[in-house]
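User: Could you take a close look at one part of this model for me? I'd like to get a feel for one helix and what packs around it, with some context from the rest of the chain.

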Amino acid sequence: MTKSTESRLRVIDSHTGGEPTRLIVAGGPVLAGSFHEQVTAFKTQHDRLRVALCTEPRASDICVGGLLLPPTEATLAAGILFFNNVGYLGMCGHGTIGLVTTLAWLGRLSPGVHRIETPVGIVTAELHPHGPVSVTNVASYRYAYRVQVHMPGHGLVTGDIAWGGNWFFICEDHHQMLHIDHIDRLVGFSTDLHQALIASGITGAHGAAIDHIELLGPADVGFDAKNFVLCPGKVYDRSACGTGTSARLACLVADGRWVEGQRYRVQSIIGSVLEGTVELINGEVIPTLTGQAWVTADSTVILDPDDPYCFGLK
Ligand code: PYC
């Protein structure tokens, strides 16, 4: 029996290279104003929906959620606010691939190029006829080169700080084996590295928190790199991380190691693949990431105010 006080949301789940995206496609809060006003209203007045969708008991910490927002002008296909178990993302590469795949699955998008508004700017996404999606991200850049941080128990670790729609500390001298069998070690090491950055006051531009750690290592034959990315909330990205790959490409371009149009094939820690290229426009690095998502569920979320854990365990 349906209780009158329950509310219901329609969510569609997808995964991109193993990393899930749970999109609210109907039943979300009615928000008014500009895109940024709607984003602020969700964050300040409806944050418990983020917790309900991305944490226990309904979900697990690895879930990346997205609130689909209506286009605020005719040239846009949609707006999107991505979030996770601990907060909000500026942009999300795998999530945008999931969003476009979901909208196509719903019959709301056709193959072609679509403009999508995100909190950090407008991105474009091309849905290719047979499923892959290419996301052209916001301008990406290296903010700081070869920054050293002291990690208690490990010594000095070096990395670049770069922006790809989120902030990344990108590290090659970690001495970790990038293999799924070592996942607990990789999460532990990256969590300690993240703590060391905070303790040392190391940030992105304007004091922005560095919320992602990207470890790079050798890849299988035919690929340019393998990465392990720790996201905020101590969960690792099962995909090769679109924003992290954008940040990495910006560093490679800054080092003169990557050129316009050159393909960068990167494996995630589970072996799934994203392909990146860059364009240089007015001196800015504009990355494009190509990958594929699959829809995994079309569900109704029930929010019962009598349920003591309706909005998470805390
Ligand atoms: O693909 O950009 C990405 C991403 C960010 C966090 C998880 N995935």
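Analyst: Here's a walk through helix α2, followed by the overall picture and two other spots.

First, some ground rules. This is a predicted model, with local features needing pLDDT of at least 70, side-chain atom pairs counting only at pLDDT 80 or more, and totals for chains, interfaces and linings using all residues. Residues are numbered from 1 along each chain as its sequence is written, and side-chain values use heavy atoms, leaving out hydrogens and water.

So, α2: this helix spans residues 47-54, and 6 of its 8 residues are buried (buried means under 20% relative accessible area with a 1.4 Å probe, protein chains only; exposed is over 50%, partly exposed in between). The buried ones are L49, R50, V51, A52, L53 and C54. An α-helix has 3.6 residues a turn, so residues three or four places apart point the same way. What covers the buried part of α2? The cover includes the strands β1 (7-16), β2 (19-26), β3 (64-69), β4 (76-83) and β17 (293-303), plus helix α1 (35-45). Helices here are DSSP runs of H or I with at least four residues, strands are E runs of at least two, and both are numbered from the N terminus.

Zooming out, the protein has 5 helices and 17 strands, and 54% of its 314 residues are buried. Its radius of gyration is 19 Å, which agrees with the value near 20 Å for a compact globule of 314 residues (taken over C-alpha atoms; the rule is 2.2 Å times the number of residues to the power 0.38). Its C-alpha atoms fill a box of roughly 60 × 45 × 35 Å along the principal axes. Of the contacts (heavy atoms within 4.5 Å) between residues at least 6 apart in sequence, 62% join residues at least 24 apart.

Now for a hairpin elsewhere in the chain. Strands β8 (residues 141-151) and β9 (residues 155-163) run antiparallel, joined by 8 bridges; strands pair if DSSP finds at least two bridges between them. Y141 sits opposite W163 in β9. The two strands have 3 residues between them, and G153 in that turn has a positive phi of about 90 degrees.

Last stop is Q176, in the loop between β10 (167-171) and α4 (183-199). Despite being in a loop, Q176 counts as buried because its relative accessibility is 15%. Leaving out residues up to four places away in sequence, Q176 touches R185, L186 and F189. The C-alpha atoms of Q176 and L215 are 8.5 Å apart, with 39 residues separating them along the chain.
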